[in-house]
Amino acid sequence: MTEMFKNLIAGEWASAGNASRNINPSNTNDVVGEYAQGSVEQMNDAVAAAKAAFPAWSRSGPQERYEILKKASDEILARKEELGRLLSREEGKTLAEGIGEAGRAGQIFAFFAGECLRLSGEAIPSVRPGVGVEITREPVGIIGMITPWNFPIAIPAWKIAPALAYGNCVVIKPADLVPGSAWALVDIIQRAGLPKGVLNLVMGRGSVVGQALLQHKDVHAISFTGSVSTGRKVAEACISSSPMKKVQLEMGGKNPLVVLDDADLKIAVEAAVTGAYFSTGQRCTASSRLIVQAGIHDRFVEACIERLKGVVVDDALKSGTHIGPVVDQSQLDQDLKYIQIAKDEGGKLAWGGEVLKRETPGFYLQPALFTETTNAMRISREEVFGPVANVIRVKDYEEALTLANDTEFGLSAGICTTSLKAATHFKRNSEAGMVMVNLATAGVDYHVPFGGRKGSSYGPREQGAYAKEMYTTVKTAYTLA
Ligand code: NAD
(Lines give C-alpha, C1' and ligand atoms only; values in the text may rest on other atoms or scores of the structure.)
Protein backbone atom coordinates (compact mmCIF):
# COMPACT_ATOMS: atom_id res chain seq x y z
CA MET A 1 0.00 0.00 0.00
CA THR A 2 1.25 3.46 -0.89
CA GLU A 3 1.58 5.70 2.14
CA MET A 4 -0.63 8.82 2.26
CA PHE A 5 0.94 12.07 3.52
CA LYS A 6 -1.34 14.79 4.88
CA ASN A 7 -1.22 18.54 5.30
CA LEU A 8 -0.31 20.07 8.67
CA ILE A 9 -2.89 22.61 9.84
CA ALA A 10 -3.04 23.97 13.41
CA GLY A 11 -0.75 21.17 14.60
CA GLU A 12 -2.95 18.36 13.22
CA TRP A 13 -2.41 16.20 10.13
CA ALA A 14 -5.37 16.89 7.84
CA SER A 15 -6.34 14.80 4.83
CA ALA A 16 -7.53 16.47 1.65
CA GLY A 17 -10.09 15.31 -0.88
CA ASN A 18 -7.41 14.77 -3.51
CA ALA A 19 -3.89 13.40 -3.57
CA SER A 20 -1.05 13.33 -6.07
CA ARG A 21 1.48 10.56 -6.65
CA ASN A 22 5.10 11.42 -6.06
CA ILE A 23 7.04 9.45 -8.71
CA ASN A 24 10.72 8.50 -8.67
CA PRO A 25 12.29 9.98 -11.86
CA SER A 26 14.96 7.24 -11.84
CA ASN A 27 12.25 4.58 -11.97
CA THR A 28 8.76 5.71 -12.88
CA ASN A 29 7.32 2.41 -11.55
CA ASP A 30 8.36 3.46 -8.05
CA VAL A 31 5.77 5.59 -6.21
CA VAL A 32 7.39 7.50 -3.33
CA GLY A 33 4.01 8.23 -1.75
CA GLU A 34 0.61 9.85 -2.17
CA TYR A 35 0.62 13.48 -1.07
CA ALA A 36 -2.46 15.52 -0.16
CA GLN A 37 -3.57 18.12 -2.70
CA GLY A 38 -4.96 20.87 -0.50
CA SER A 39 -7.94 23.07 -1.25
CA VAL A 40 -8.57 26.81 -0.93
CA GLU A 41 -10.50 26.05 2.32
CA GLN A 42 -7.49 24.20 3.76
CA MET A 43 -5.23 27.10 2.87
CA ASN A 44 -7.63 29.51 4.60
CA ASP A 45 -7.66 27.24 7.68
CA ALA A 46 -3.85 27.16 7.69
CA VAL A 47 -3.61 30.96 7.57
CA ALA A 48 -6.22 31.22 10.34
CA ALA A 49 -4.17 28.79 12.47
CA ALA A 50 -1.02 30.85 11.89
CA LYS A 51 -2.88 34.02 12.83
CA ALA A 52 -4.15 32.46 16.05
CA ALA A 53 -0.66 31.22 16.99
CA PHE A 54 1.13 34.50 16.22
CA PRO A 55 0.50 36.56 19.42
CA ALA A 56 2.06 33.92 21.70
CA TRP A 57 4.84 32.83 19.35
CA SER A 58 5.93 36.38 18.52
CA ARG A 59 6.41 36.96 22.26
CA SER A 60 8.13 33.64 22.95
CA GLY A 61 11.63 34.05 24.33
CA PRO A 62 14.86 33.41 22.45
CA GLN A 63 15.63 30.37 24.63
CA GLU A 64 12.40 28.59 23.64
CA ARG A 65 12.98 29.25 19.95
CA TYR A 66 16.65 28.26 20.23
CA GLU A 67 15.75 24.90 21.79
CA ILE A 68 13.16 24.04 19.13
CA LEU A 69 15.42 24.96 16.21
CA LYS A 70 18.40 23.17 17.76
CA LYS A 71 16.34 20.03 18.35
CA ALA A 72 15.13 20.11 14.75
CA SER A 73 18.73 20.53 13.55
CA ASP A 74 19.89 17.58 15.66
CA GLU A 75 17.21 15.28 14.21
CA ILE A 76 17.81 16.38 10.61
CA LEU A 77 21.55 15.78 10.99
CA ALA A 78 21.03 12.42 12.72
CA ARG A 79 18.72 11.31 9.88
CA LYS A 80 20.55 12.93 6.96
CA GLU A 81 21.27 9.60 5.16
CA GLU A 82 17.59 8.60 5.26
CA LEU A 83 16.36 12.10 4.33
CA GLY A 84 18.96 12.32 1.57
CA ARG A 85 17.76 8.99 0.17
CA LEU A 86 14.14 10.22 0.13
CA LEU A 87 15.28 13.44 -1.59
CA SER A 88 17.26 11.58 -4.27
CA ARG A 89 14.41 9.17 -4.80
CA GLU A 90 11.84 11.90 -5.39
CA GLU A 91 13.96 14.54 -7.15
CA GLY A 92 16.64 12.55 -8.95
CA LYS A 93 19.85 14.15 -7.70
CA THR A 94 22.50 11.61 -6.70
CA LEU A 95 22.54 10.09 -3.22
CA ALA A 96 25.70 12.03 -2.32
CA GLU A 97 24.00 15.26 -3.40
CA GLY A 98 20.79 14.31 -1.58
CA ILE A 99 22.61 13.55 1.68
CA GLY A 100 24.64 16.73 1.26
CA GLU A 101 21.46 18.77 0.86
CA ALA A 102 19.78 17.14 3.87
CA GLY A 103 22.91 17.89 5.93
CA ARG A 104 22.76 21.47 4.72
CA ALA A 105 19.19 21.77 6.04
CA GLY A 106 20.44 20.60 9.46
CA GLN A 107 23.28 23.15 9.41
CA ILE A 108 20.85 25.93 8.49
CA PHE A 109 18.68 25.09 11.51
CA ALA A 110 21.77 25.07 13.76
CA PHE A 111 22.81 28.49 12.40
CA PHE A 112 19.37 30.03 12.99
CA ALA A 113 19.11 28.41 16.44
CA GLY A 114 22.16 30.56 17.24
CA GLU A 115 20.57 33.60 15.60
CA CYS A 116 17.64 33.35 18.07
CA LEU A 117 20.12 34.34 20.78
CA ARG A 118 21.82 37.07 18.79
CA LEU A 119 18.93 39.39 17.98
CA SER A 120 19.83 42.89 19.14
CA GLY A 121 18.72 46.49 18.84
CA GLU A 122 20.16 49.95 19.34
CA ALA A 123 19.63 52.64 21.96
CA ILE A 124 20.87 56.04 20.81
CA PRO A 125 20.40 59.63 21.97
CA SER A 126 17.85 61.73 20.10
CA VAL A 127 18.81 65.01 18.45
CA ARG A 128 16.25 66.46 20.89
CA PRO A 129 17.60 66.86 24.45
CA GLY A 130 15.97 64.57 27.01
CA VAL A 131 14.64 62.13 24.43
CA GLY A 132 15.90 58.59 23.92
CA VAL A 133 15.61 56.53 20.74
CA GLU A 134 15.39 52.74 20.55
CA ILE A 135 15.61 50.81 17.31
CA THR A 136 14.33 47.25 17.57
CA ARG A 137 13.39 44.44 15.22
CA GLU A 138 10.00 42.73 15.44
CA PRO A 139 8.60 39.73 13.57
CA VAL A 140 6.79 40.56 10.33
CA GLY A 141 3.78 38.31 11.11
CA ILE A 142 2.43 35.51 8.95
CA ILE A 143 4.81 34.47 6.19
CA GLY A 144 3.63 32.56 3.15
CA MET A 145 6.30 30.43 1.46
CA ILE A 146 6.21 28.97 -2.04
CA THR A 147 9.12 26.73 -3.04
CA PRO A 148 10.42 24.95 -6.19
CA TRP A 149 11.25 21.28 -6.75
CA ASN A 150 15.00 21.42 -7.27
CA PHE A 151 16.15 21.89 -3.65
CA PRO A 152 13.26 20.14 -1.91
CA ILE A 153 14.67 20.33 1.65
CA ALA A 154 17.29 23.10 1.61
CA ILE A 155 15.03 25.85 0.27
CA PRO A 156 12.14 25.14 2.70
CA ALA A 157 14.79 25.02 5.47
CA TRP A 158 16.42 28.32 4.57
CA LYS A 159 13.03 30.05 4.60
CA ILE A 160 11.39 28.33 7.61
CA ALA A 161 14.39 28.49 9.98
CA PRO A 162 14.88 32.29 9.93
CA ALA A 163 11.12 32.94 9.89
CA LEU A 164 10.68 30.94 13.13
CA ALA A 165 13.90 32.25 14.70
CA TYR A 166 12.66 35.83 14.42
CA GLY A 167 9.18 35.00 15.80
CA ASN A 168 7.00 34.68 12.69
CA CYS A 169 4.33 32.09 11.90
CA VAL A 170 4.53 30.20 8.62
CA VAL A 171 2.32 28.64 5.97
CA ILE A 172 4.41 26.77 3.40
CA LYS A 173 3.34 25.41 0.01
CA PRO A 174 6.13 23.24 -1.38
CA ALA A 175 6.49 22.23 -5.05
CA ASP A 176 3.70 19.81 -5.93
CA LEU A 177 6.10 17.72 -8.01
CA VAL A 178 8.42 16.94 -5.09
CA PRO A 179 6.67 17.43 -1.71
CA GLY A 180 8.17 14.50 0.26
CA SER A 181 11.29 16.18 1.66
CA ALA A 182 9.35 19.29 2.73
CA TRP A 183 6.78 17.03 4.44
CA ALA A 184 9.57 15.23 6.35
CA LEU A 185 11.14 18.55 7.36
CA VAL A 186 7.86 19.98 8.65
CA ASP A 187 7.20 16.77 10.61
CA ILE A 188 10.61 17.07 12.30
CA ILE A 189 10.15 20.74 13.21
CA GLN A 190 6.65 20.15 14.57
CA ARG A 191 7.85 17.28 16.79
CA ALA A 192 10.73 19.44 18.02
CA GLY A 193 8.16 21.17 20.24
CA LEU A 194 6.71 23.95 18.10
CA PRO A 195 3.35 25.23 19.43
CA LYS A 196 0.37 24.29 17.25
CA GLY A 197 -0.30 26.57 14.29
CA VAL A 198 3.12 28.25 14.23
CA LEU A 199 4.10 26.18 11.18
CA ASN A 200 1.53 24.91 8.67
CA LEU A 201 2.02 22.87 5.52
CA VAL A 202 -0.44 22.90 2.62
CA MET A 203 0.63 20.84 -0.37
CA GLY A 204 -1.01 21.14 -3.75
CA ARG A 205 -1.16 23.05 -6.98
CA GLY A 206 0.31 26.51 -7.32
CA SER A 207 -2.71 27.75 -9.23
CA VAL A 208 -5.03 26.63 -6.37
CA VAL A 209 -3.37 26.72 -2.93
CA GLY A 210 -0.48 28.95 -4.06
CA GLN A 211 -2.93 31.54 -5.38
CA ALA A 212 -5.06 31.31 -2.23
CA LEU A 213 -1.97 32.01 -0.11
CA LEU A 214 -1.00 35.00 -2.26
CA GLN A 215 -4.49 36.46 -2.09
CA HIS A 216 -5.09 35.96 1.63
CA LYS A 217 -5.43 39.32 3.40
CA ASP A 218 -3.97 38.00 6.69
CA VAL A 219 -0.63 37.02 5.15
CA HIS A 220 1.95 39.76 5.71
CA ALA A 221 4.80 38.57 3.49
CA ILE A 222 5.62 36.05 0.78
CA SER A 223 8.97 34.38 0.25
CA PHE A 224 9.03 32.75 -3.18
CA THR A 225 11.61 30.72 -5.07
CA GLY A 226 10.86 29.51 -8.59
CA SER A 227 10.73 30.65 -12.19
CA VAL A 228 10.68 34.26 -13.38
CA SER A 229 7.20 33.93 -14.90
CA THR A 230 5.66 32.68 -11.64
CA GLY A 231 7.74 35.17 -9.65
CA ARG A 232 6.26 38.05 -11.62
CA LYS A 233 2.72 36.82 -10.81
CA VAL A 234 3.67 36.50 -7.14
CA ALA A 235 5.02 40.07 -7.01
CA GLU A 236 1.94 41.46 -8.78
CA ALA A 237 -0.38 39.66 -6.35
CA CYS A 238 1.60 40.97 -3.35
CA ILE A 239 1.52 44.56 -4.58
CA SER A 240 -2.15 44.52 -5.56
CA SER A 241 -3.37 42.92 -2.32
CA SER A 242 -4.71 45.14 0.43
CA PRO A 243 -2.71 45.66 2.58
CA MET A 244 0.32 45.11 0.33
CA LYS A 245 2.57 42.21 1.24
CA LYS A 246 6.32 42.29 1.72
CA VAL A 247 7.82 40.09 -0.99
CA GLN A 248 11.06 38.27 -1.68
CA LEU A 249 11.65 36.49 -5.01
CA GLU A 250 14.51 34.17 -5.93
CA MET A 251 14.26 33.16 -9.58
CA GLY A 252 16.21 31.90 -12.56
CA GLY A 253 19.74 32.31 -13.87
CA LYS A 254 21.88 32.11 -17.01
CA ASN A 255 25.13 32.12 -15.13
CA PRO A 256 28.36 32.85 -17.00
CA LEU A 257 31.65 31.11 -16.27
CA VAL A 258 34.50 33.02 -17.93
CA VAL A 259 37.65 31.04 -18.76
CA LEU A 260 40.68 33.17 -19.65
CA ASP A 261 43.77 32.03 -21.57
CA ASP A 262 45.84 32.09 -18.37
CA ALA A 263 43.42 29.81 -16.45
CA ASP A 264 44.55 26.57 -14.84
CA LEU A 265 42.90 24.20 -17.32
CA LYS A 266 42.16 21.49 -14.75
CA ILE A 267 40.45 23.94 -12.40
CA ALA A 268 38.47 25.50 -15.26
CA VAL A 269 37.23 22.14 -16.60
CA GLU A 270 36.23 20.96 -13.12
CA ALA A 271 34.37 24.22 -12.45
CA ALA A 272 32.61 24.04 -15.82
CA VAL A 273 31.60 20.37 -15.70
CA THR A 274 30.50 20.25 -12.05
CA GLY A 275 28.88 23.69 -12.29
CA ALA A 276 27.00 23.04 -15.52
CA TYR A 277 25.92 19.43 -15.17
CA PHE A 278 25.94 18.19 -11.58
CA SER A 279 22.52 17.99 -9.92
CA THR A 280 21.49 17.32 -13.56
CA GLY A 281 22.04 21.03 -14.32
CA GLN A 282 18.84 21.75 -12.41
CA ARG A 283 20.28 24.55 -10.31
CA CYS A 284 19.46 28.23 -10.51
CA THR A 285 23.23 28.81 -10.15
CA ALA A 286 24.28 26.32 -12.87
CA SER A 287 27.23 27.43 -15.04
CA SER A 288 25.21 27.25 -18.24
CA ARG A 289 27.12 29.89 -20.30
CA LEU A 290 30.81 29.09 -20.73
CA ILE A 291 32.58 32.20 -22.06
CA VAL A 292 36.02 31.08 -23.19
CA GLN A 293 38.99 33.06 -24.53
CA ALA A 294 40.23 32.03 -27.99
CA GLY A 295 43.73 30.92 -26.89
CA ILE A 296 42.45 28.23 -24.51
CA HIS A 297 39.13 27.51 -26.28
CA ASP A 298 40.02 24.31 -28.17
CA ARG A 299 42.01 22.77 -25.29
CA PHE A 300 39.17 23.61 -22.88
CA VAL A 301 36.46 22.09 -25.08
CA GLU A 302 38.54 18.96 -25.68
CA ALA A 303 39.25 18.54 -21.95
CA CYS A 304 35.56 19.09 -21.06
CA ILE A 305 34.54 16.35 -23.51
CA GLU A 306 37.19 13.99 -22.08
CA ARG A 307 35.85 14.71 -18.58
CA LEU A 308 32.24 14.20 -19.73
CA LYS A 309 33.13 10.81 -21.23
CA GLY A 310 33.81 9.58 -17.68
CA VAL A 311 30.55 10.92 -16.25
CA VAL A 312 28.00 8.23 -15.39
CA VAL A 313 24.32 9.11 -15.87
CA ASP A 314 22.14 6.55 -14.09
CA ASP A 315 19.72 5.83 -11.26
CA ALA A 316 20.21 8.53 -8.61
CA LEU A 317 20.40 5.93 -5.82
CA LYS A 318 22.97 3.69 -7.50
CA SER A 319 26.53 3.93 -6.27
CA GLY A 320 28.84 5.22 -9.00
CA THR A 321 26.22 7.53 -10.52
CA HIS A 322 27.52 11.07 -11.10
CA ILE A 323 24.37 12.55 -12.64
CA GLY A 324 20.83 11.37 -11.97
CA PRO A 325 17.79 11.71 -14.21
CA VAL A 326 15.93 14.87 -15.20
CA VAL A 327 13.06 15.50 -12.77
CA ASP A 328 10.11 14.61 -15.05
CA GLN A 329 8.89 14.25 -18.61
CA SER A 330 7.96 17.89 -19.06
CA GLN A 331 11.43 19.08 -17.95
CA LEU A 332 13.02 16.48 -20.25
CA ASP A 333 10.87 17.81 -23.12
CA GLN A 334 12.05 21.33 -22.32
CA ASP A 335 15.72 20.24 -22.31
CA LEU A 336 15.30 18.48 -25.67
CA LYS A 337 13.46 21.49 -27.09
CA TYR A 338 16.42 23.73 -26.22
CA ILE A 339 18.90 21.22 -27.67
CA GLN A 340 16.97 21.42 -30.93
CA ILE A 341 16.76 25.24 -30.77
CA ALA A 342 20.54 25.46 -30.28
CA LYS A 343 21.12 23.19 -33.30
CA ASP A 344 18.67 25.19 -35.42
CA GLU A 345 20.39 28.43 -34.46
CA GLY A 346 23.73 27.09 -35.73
CA GLY A 347 25.30 25.79 -32.52
CA LYS A 348 27.47 22.67 -32.84
CA LEU A 349 26.56 19.81 -30.52
CA ALA A 350 30.08 18.85 -29.45
CA TRP A 351 28.99 16.21 -26.93
CA GLY A 352 25.91 14.41 -25.62
CA GLY A 353 22.30 15.48 -25.77
CA GLU A 354 20.92 11.94 -26.27
CA VAL A 355 18.09 10.41 -24.27
CA LEU A 356 19.54 7.36 -22.50
CA LYS A 357 18.01 4.01 -21.59
CA ARG A 358 18.86 2.47 -18.23
CA GLU A 359 17.72 -0.64 -16.31
CA THR A 360 14.63 1.15 -15.00
CA PRO A 361 12.33 3.54 -16.88
CA GLY A 362 13.43 7.09 -16.07
CA PHE A 363 14.20 10.50 -17.60
CA TYR A 364 17.87 10.02 -18.43
CA LEU A 365 19.65 12.61 -20.56
CA GLN A 366 23.31 12.65 -21.55
CA PRO A 367 24.86 16.05 -20.68
CA ALA A 368 24.93 18.26 -23.77
CA LEU A 369 27.78 20.63 -24.66
CA PHE A 370 27.39 23.12 -27.51
CA THR A 371 30.20 25.06 -29.16
CA GLU A 372 30.17 27.74 -31.88
CA THR A 373 27.40 29.62 -30.10
CA THR A 374 26.91 33.35 -29.66
CA ASN A 375 25.50 35.30 -26.75
CA ALA A 376 22.57 36.40 -28.92
CA MET A 377 21.24 32.84 -29.39
CA ARG A 378 18.30 31.67 -27.28
CA ILE A 379 20.49 28.95 -25.73
CA SER A 380 22.57 31.79 -24.22
CA ARG A 381 19.65 33.96 -23.14
CA GLU A 382 16.97 31.62 -21.74
CA GLU A 383 17.22 29.33 -18.73
CA VAL A 384 17.08 25.66 -19.85
CA PHE A 385 17.25 24.22 -16.31
CA GLY A 386 18.82 20.95 -17.46
CA PRO A 387 22.23 19.39 -18.23
CA VAL A 388 22.84 21.66 -21.22
CA ALA A 389 25.67 24.22 -21.54
CA ASN A 390 27.14 26.22 -24.40
CA VAL A 391 30.56 27.64 -25.12
CA ILE A 392 30.95 31.18 -26.47
CA ARG A 393 34.39 32.06 -27.87
CA VAL A 394 35.72 35.57 -27.05
CA LYS A 395 38.91 37.42 -27.99
CA ASP A 396 39.83 39.00 -24.64
CA TYR A 397 38.84 39.69 -21.03
CA GLU A 398 36.94 42.88 -21.91
CA GLU A 399 34.70 41.04 -24.35
CA ALA A 400 34.21 38.22 -21.81
CA LEU A 401 33.08 40.68 -19.11
CA THR A 402 30.72 42.46 -21.51
CA LEU A 403 29.06 39.18 -22.53
CA ALA A 404 28.96 37.89 -18.94
CA ASN A 405 26.92 40.97 -18.00
CA ASP A 406 24.84 40.96 -21.20
CA THR A 407 21.94 38.95 -19.75
CA GLU A 408 18.57 39.59 -18.14
CA PHE A 409 19.73 37.55 -15.16
CA GLY A 410 22.28 38.27 -12.43
CA LEU A 411 22.43 35.44 -9.92
CA SER A 412 25.95 34.03 -10.00
CA ALA A 413 29.01 34.60 -12.22
CA GLY A 414 32.45 32.98 -12.25
CA ILE A 415 35.90 33.52 -13.68
CA CYS A 416 38.78 31.08 -14.05
CA THR A 417 42.09 32.92 -14.27
CA THR A 418 45.51 33.10 -12.62
CA SER A 419 45.54 36.89 -13.02
CA LEU A 420 44.87 38.76 -9.79
CA LYS A 421 44.13 41.87 -11.86
CA ALA A 422 41.44 40.13 -13.96
CA ALA A 423 39.92 38.37 -10.93
CA THR A 424 39.75 41.61 -8.93
CA HIS A 425 38.29 43.56 -11.86
CA PHE A 426 35.67 40.82 -12.45
CA LYS A 427 34.63 40.75 -8.78
CA ARG A 428 34.06 44.52 -8.89
CA ASN A 429 32.37 44.73 -12.29
CA SER A 430 30.26 41.61 -12.55
CA GLU A 431 26.55 42.43 -12.40
CA ALA A 432 25.73 39.24 -10.46
CA GLY A 433 24.80 38.93 -6.79
CA MET A 434 27.40 36.20 -6.22
CA VAL A 435 30.86 36.03 -7.85
CA MET A 436 33.20 33.03 -7.91
CA VAL A 437 36.91 33.00 -8.71
CA ASN A 438 38.30 29.65 -9.87
CA LEU A 439 35.11 27.98 -8.63
CA ALA A 440 31.89 26.85 -10.27
CA THR A 441 29.01 29.33 -10.21
CA ALA A 442 27.02 26.77 -8.19
CA GLY A 443 27.93 25.77 -4.63
CA VAL A 444 27.45 28.30 -1.85
CA ASP A 445 27.81 28.50 1.93
CA TYR A 446 24.80 28.59 4.24
CA HIS A 447 25.99 31.31 6.64
CA VAL A 448 26.35 34.16 4.13
CA PRO A 449 23.83 36.00 1.95
CA PHE A 450 22.43 34.29 -1.14
CA GLY A 451 20.75 36.10 -4.02
CA GLY A 452 21.13 37.94 -7.27
CA ARG A 453 20.38 41.07 -9.25
CA LYS A 454 18.34 42.03 -12.32
CA GLY A 455 15.81 39.33 -13.33
CA SER A 456 17.15 36.74 -10.87
CA SER A 457 16.08 38.23 -7.56
CA TYR A 458 13.80 40.82 -6.04
CA GLY A 459 13.73 42.00 -2.44
CA PRO A 460 15.96 41.12 0.50
CA ARG A 461 18.67 38.44 0.38
CA GLU A 462 18.17 34.95 1.80
CA GLN A 463 20.40 33.05 4.26
CA GLY A 464 22.92 34.06 6.88
CA ALA A 465 22.30 36.99 9.18
CA TYR A 466 20.97 38.98 6.19
CA ALA A 467 17.79 36.87 6.33
CA LYS A 468 16.59 39.18 9.11
CA GLU A 469 15.95 41.87 6.49
CA MET A 470 13.10 39.68 5.21
CA TYR A 471 11.82 38.19 8.43
CA THR A 472 11.88 41.22 10.75
CA THR A 473 10.50 44.71 10.57
CA VAL A 474 12.27 47.63 12.21
CA LYS A 475 10.61 49.78 14.88
CA THR A 476 11.92 53.18 16.01
CA ALA A 477 10.64 54.22 19.46
CA TYR A 478 11.11 57.68 21.07
CA THR A 479 10.84 58.25 24.85
CA LEU A 480 10.87 61.50 26.79
CA ALA A 481 13.07 60.75 29.77
P1 NAD B 1 7.80 27.33 -10.77
O2 NAD B 1 7.83 28.81 -10.88
O3 NAD B 1 7.09 26.56 -11.81
O4 NAD B 1 7.13 26.88 -9.38
C5 NAD B 1 7.62 27.35 -8.15
C6 NAD B 1 6.52 27.25 -7.12
O7 NAD B 1 5.48 28.16 -7.46
C8 NAD B 1 5.86 25.87 -7.03
O9 NAD B 1 5.60 25.55 -5.68
C10 NAD B 1 4.58 26.05 -7.81
O11 NAD B 1 3.56 25.14 -7.43
C12 NAD B 1 4.22 27.49 -7.43
N13 NAD B 1 3.29 28.16 -8.35
C14 NAD B 1 3.16 27.96 -9.68
N15 NAD B 1 2.20 28.77 -10.18
C16 NAD B 1 1.74 29.50 -9.14
C17 NAD B 1 0.73 30.51 -9.02
N18 NAD B 1 0.03 30.93 -10.06
N19 NAD B 1 0.53 31.06 -7.80
C20 NAD B 1 1.24 30.65 -6.73
N21 NAD B 1 2.18 29.69 -6.79
C22 NAD B 1 2.43 29.13 -7.98
O23 NAD B 1 9.33 26.85 -10.63
P24 NAD B 1 9.91 25.35 -10.53
O25 NAD B 1 9.79 24.73 -11.89
O26 NAD B 1 9.34 24.65 -9.37
O27 NAD B 1 11.45 25.64 -10.19
C28 NAD B 1 12.41 25.94 -11.15
C29 NAD B 1 12.74 27.42 -11.15
O30 NAD B 1 13.15 27.82 -9.85
C31 NAD B 1 13.90 27.75 -12.06
O32 NAD B 1 13.62 28.91 -12.79
C33 NAD B 1 15.05 28.00 -11.10
O34 NAD B 1 16.08 28.83 -11.58
C35 NAD B 1 14.33 28.60 -9.93
N36 NAD B 1 15.12 28.50 -8.71
C37 NAD B 1 15.69 29.64 -8.21
C38 NAD B 1 16.47 29.58 -7.07
C39 NAD B 1 17.09 30.84 -6.49
O40 NAD B 1 17.34 30.85 -5.30
N41 NAD B 1 17.30 31.87 -7.28
C42 NAD B 1 16.68 28.36 -6.43
C43 NAD B 1 16.09 27.22 -6.97
C44 NAD B 1 15.30 27.31 -8.11
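Hi everyone, this is a short talk about the cores and pockets of one protein model. Please keep in mind that the model is predicted.

Let's begin on the inside. The largest nonpolar core holds 84 residues, and those touching the most other members are Phe109, Phe112, Ile160, Leu164 and Ile189. Which helix gives the most to this core? That is α5, residues 154–165, with nine residues. Both domains take part: domain 1 (4–252 + 448–480) and domain 2 (256–437) each supply at least three residues.

Now pick out Ile189 on your screen. If we leave aside neighbours within four places in sequence, Ile189 is in contact with Ile68, Ala72, Phe109, Ile160, Leu164, Leu194 and Leu199. Another core lies apart from the big one; it has 29 residues, including Ala272 and Val391.

On to the pockets. The largest pocket encloses about 1200 Å³ of space. It is lined by 43 residues, and the closest to its centre are Trp149, Gly226, Ser227, Ser229 and Thr230. Helix α8 provides the largest share of that lining, six residues. By class, the lining has 16 nonpolar, 17 polar and ten charged residues. Where does this pocket lie? Domain 1 and domain 2 both give residues to the lining, so the pocket lies between them.

The second largest pocket has a volume of about 360 Å³. Among its 17 lining residues, Arg104, Phe151, Arg283, Gly443 and Val444 are the closest to its centre. Here α4 gives the largest share, four residues. This pocket also lies between domain 1 and domain 2, because both give residues to its lining.

Thanks for listening!

Definitions and conventions:
Residues numbered from 1 in each chain as written. Predicted model: local features only at pLDDT ≥ 70, side-chain atom pairs only at ≥ 80, totals over all residues. Heavy atoms only, no water. Core = buried A, V, L, I, M, F, W, Y, C linked by side-chain atoms within 4.5 Å. Buried < 20%, exposed > 50% of the residue type's maximum accessible area, 1.4 Å probe, protein only. Helix = DSSP H or I, 4+ residues; strand = E, 2+ residues; numbered from the N terminus. Domains from an automatic or database assignment. Contact = heavy atoms within 4.5 Å. 1 Å grid on protein atoms, 1.4 Å probe; cavity = no way out; pocket = protein on both sides within 12 Å on 5 of 7 lines; lining within 4 Å. Points joined across faces, edges and corners; volume = space filled by probe spheres on them. Nonpolar A, V, L, I, M, F, W, Y, C, P; charged D, E, K, R; others polar.
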